[in-house]
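Student: I am new to this structure and would like a close look at a single part: the salt bridges. Please also show me the setting around them.

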Amino acid sequence: MKKNIAIVGAGGFGRETACCLRVINGESPSWNLIGFFDDGVPAGTENEYGCVLGPVEDLNAWKEPLSVVIAIASPRALERISGLLDNPLLDFPNIIAPDVKFYDRDRMVMGKGNVISFGHIFSCHVEMGDFNLFSCGSLIGHDVTLENWNVVANGSKISGGVTLGNANFLGAASVVLPCRTVKRNVVLGANSTLVRDALEEGTYAGCPAVLNKKPSPAPEKKSAIWLSLACTGEAEERFVREAFESKWVTTVGPNVDAFERELEEYLGETHVVALASGTSALHLGLVMLGVGPGDEVLCQSMTFAASANPIIYQGASPVFVDSEEKTWNMSPEWLEEAIRDRIRQTGRAPKAMIPVDLYGMPASMAEIMEIAGKYGIPVLEDAAEALGSEYRGRKCGTFGTYGAFSFNGNKIITTSGGGALCCPDEESRNRVKFYATQAREQAPHYEHARIGYNYRLSNVCAGIGRGQMLSLPAFLEKRRGIHEDYRRRLSGVPGLSLLENPDSRYHSNHWLTCVQIHPEEARFDREELRLALLKAGVESRPLWKPMHLQPVFRSCPFYGAGVSDRLFEQGLCLPSGASLTGEDMDRIMDVMATL
């Protein structure tokens, strides 16, 4: 089945790329070219391959999956446009003409969005970043590295051991001699031969090439890199606009109903109530489990305070359980030890337990559920950070009697502020809705026989959630891709280890990629890394401080061996938002390389 693809740029190289797609389709039907996008050519203009559909910005409003190839032979345009296009429905495939020769294709490393036109020859051990363009008939030697946004014009020759940085232009029939370094924004004129390293921003011409022009660029102020920003688009605006236009701006309405249905369809066999926050979801979960004064509730110690606070709301007492090494979540071993000891000390089992799927990593739910069943303790699964994560093929948030999600502004999807509670059946869902709407009884007046709460999600915020659900698969792919990029870049670095899926049963959404720094090997500690990143304008955050170390919970029982203590001392959350770019990642890695 052919995939839809669009070309950015309707000029000469855009048409050459369209010709390349046609030849590829002649060998194996792969692409359906829907048209071109170009800021400088009026919409409706036609060429032999298709029609210009509009300006480049229109792609950010595209409402269905679309492959995009940027075919403009200008490094600065490649950099600008690739940074402009942030629609999660877009992907950027590599386009390679069928006659391109790779002498060692298995060792060719290539990013995304590269275009290699006809007649090229690549030797062995070539590494290439993103959005590089090759016009016809170039020769690329062994051990060549190209970063991003480079343009290699017709008939160029790049000798062995050459490194090209970002956004360079090699003119037609130009030559770069072996082991030269071409830094950033370099222009090498046509028929020129570079015999020495090229300075950043330099313009070179001649044989041998000499420096003709080196401008003095204004210092660039780099923007901050945040830990996890929300990504929103036209769909969210449309659903919110519908709420305003229909006057449904309260805590009921079409968006709330539809958002709950969409979550149910995504999660599987569960009944969902949309609520004002993840905290309210956890609170109502405890209410539904009958937790009250004098009860004890087992709770994972390494978590955000919202996991434990609702226990206090209900007049109960938290009992904190340490983490296991492999998931950083509740240790089944210490969980059972805590249950046995509480029974010995109090004469009864705790009323409920709250395991957490920390940073999107599923807890060891098979062992936890087995222990819960053995002692008859219901489970309230805190999946606030784990929408889209799976354990043994089953979605997180659906293992316990109840499961809670958060849609705060930094989560996988957001409703600005919001949450949801997964319920086991229709009756319990209706009861949760009753409590969430001030426990109003069926009467023509306001009648209240029980204490209720103002916990329902607004129809406006649910509209944001509906738009976010459309992009959830793309958000998950992006977060997992960011984690894989960190894993690849940090592989082999002494003293650093990431929170990884322990085995094939675990499939984390990698909401946040977290690194553990072992100072004796790394030669720096967590705080040194955090402060270095902060100085460079990069937000990072220590792992959650365990609840048993928090002053407010100092008197609560804790069962464990100090795993969560050590993780807090050594662990750091790295920027992982869906808007993180390759250049952002380069900045983060540059900071880590200085330590």
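What follows moves from the whole chain to the charged pairs, and then to some places elsewhere.

Tutor: Happy to. This is a predicted model, so local features are described only at pLDDT of at least 70 and side-chain atom pairs only at pLDDT 80 or more, while totals for chains, interfaces and linings use all residues. Residues are numbered from 1 along each chain as its sequence is written, and side-chain values use heavy atoms, with hydrogens and water left out.

Let's begin with the setting. The chain has 14 helices and 40 strands; these are DSSP runs numbered from the N terminus, with helices (H or I) of at least four residues and strands (E) of at least two. Its C-alpha trace spans about 90 × 60 × 45 Å along the principal axes. Of its 595 residues, 52% count as buried. Here, buried means under 20% relative accessible area, exposed means over 50%, and partly exposed covers what is in between (1.4 Å probe, protein chains only). The chain exposes about 25400 Å², and carbon and sulfur atoms supply 51% of that area; accessible areas come from the Shrake-Rupley method with a 1.4 Å probe, and for residues only the protein chains shown count as cover. Among contacts with a separation of 6 or more, 55% link residues 24 or more positions apart, where contact means heavy atoms within 4.5 Å.

Now to the charges. The chain carries 58 positive and 72 negative charges, and the mean positions of these two groups are 2 Å apart. Lys and Arg count as positive and Asp and Glu as negative, with His and the chain ends not counted; each charge is placed at NZ of Lys, CZ of Arg, CG of Asp or CD of Glu.

Side chains of opposite charge can pair when their charged atoms come close. A search of the whole structure finds 27 salt bridges, each being a side-chain nitrogen of Lys or Arg within 4 Å of a carboxyl oxygen of Asp or Glu.

A good one to start with joins Glu-336 and Arg-340, at 3.4 Å from N to O. These two residues are 4 apart in helix α7, so about one helical turn separates them. Glu-336 is buried because its relative accessible area is 16%, whereas Arg-340 is partly exposed at 38%.

Next, find Glu-390 and Lys-395, whose closest N and O atoms are 3.1 Å apart in a salt bridge. Here Lys-395 is the buried partner, with a relative accessible area of 16%, and Glu-390 counts as partly exposed at 21%.

A third pair reaches between two helices. Arg-489 and Asp-586 meet in a salt bridge at 2.9 Å, N to O. Arg-489 lies in helix α10 (residues 459-490) and Asp-586 in helix α14 (residues 582-594), so this pair ties together parts that are 97 residues apart in sequence. Arg-489 is partly exposed, with 26% relative accessibility, and Asp-586 is partly exposed, also with 26%. This pair belongs to a network in which salt bridges that share partners join Asp-485, Arg-488, Arg-489 and Asp-586.

Other charged residues gather at the surface instead. Asp-39, Glu-57, Asp-58 and Asp-86 form a negative patch. Patches are made of residues with over 30% relative accessible area and no salt bridge, joining like charges within 9 Å and nonpolar side chains (Val, Leu, Ile, Met, Phe, Trp, Tyr) within 5 Å. Asp-86 sits in the loop between α2 (75-84) and β6 (90-91), and at 57% relative accessibility it counts as exposed. There is a nonpolar counterpart too: Tyr-103, Ile-121 and Leu-139 make a patch of about 280 Å². Ile-121 belongs to strand β11 (residues 121-122) and is partly exposed at 31%.

Finally, some backbone details. Most residues other than glycine have a negative phi, and most peptide bonds are trans. Trp-328, in the loop between β28 (317-321) and α7 (332-346), has a positive phi of about 70 degrees and is buried at 4% relative accessibility. Asp-143, in the loop between β14 (139-140) and β15 (145-146), has a phi near 55 degrees and is partly exposed at 39%. The peptide bond from Cys-207 to Pro-208 is cis, with omega near 0 degrees, and Pro-208 lies in the loop between β24 (203-206) and β25 (209-213).
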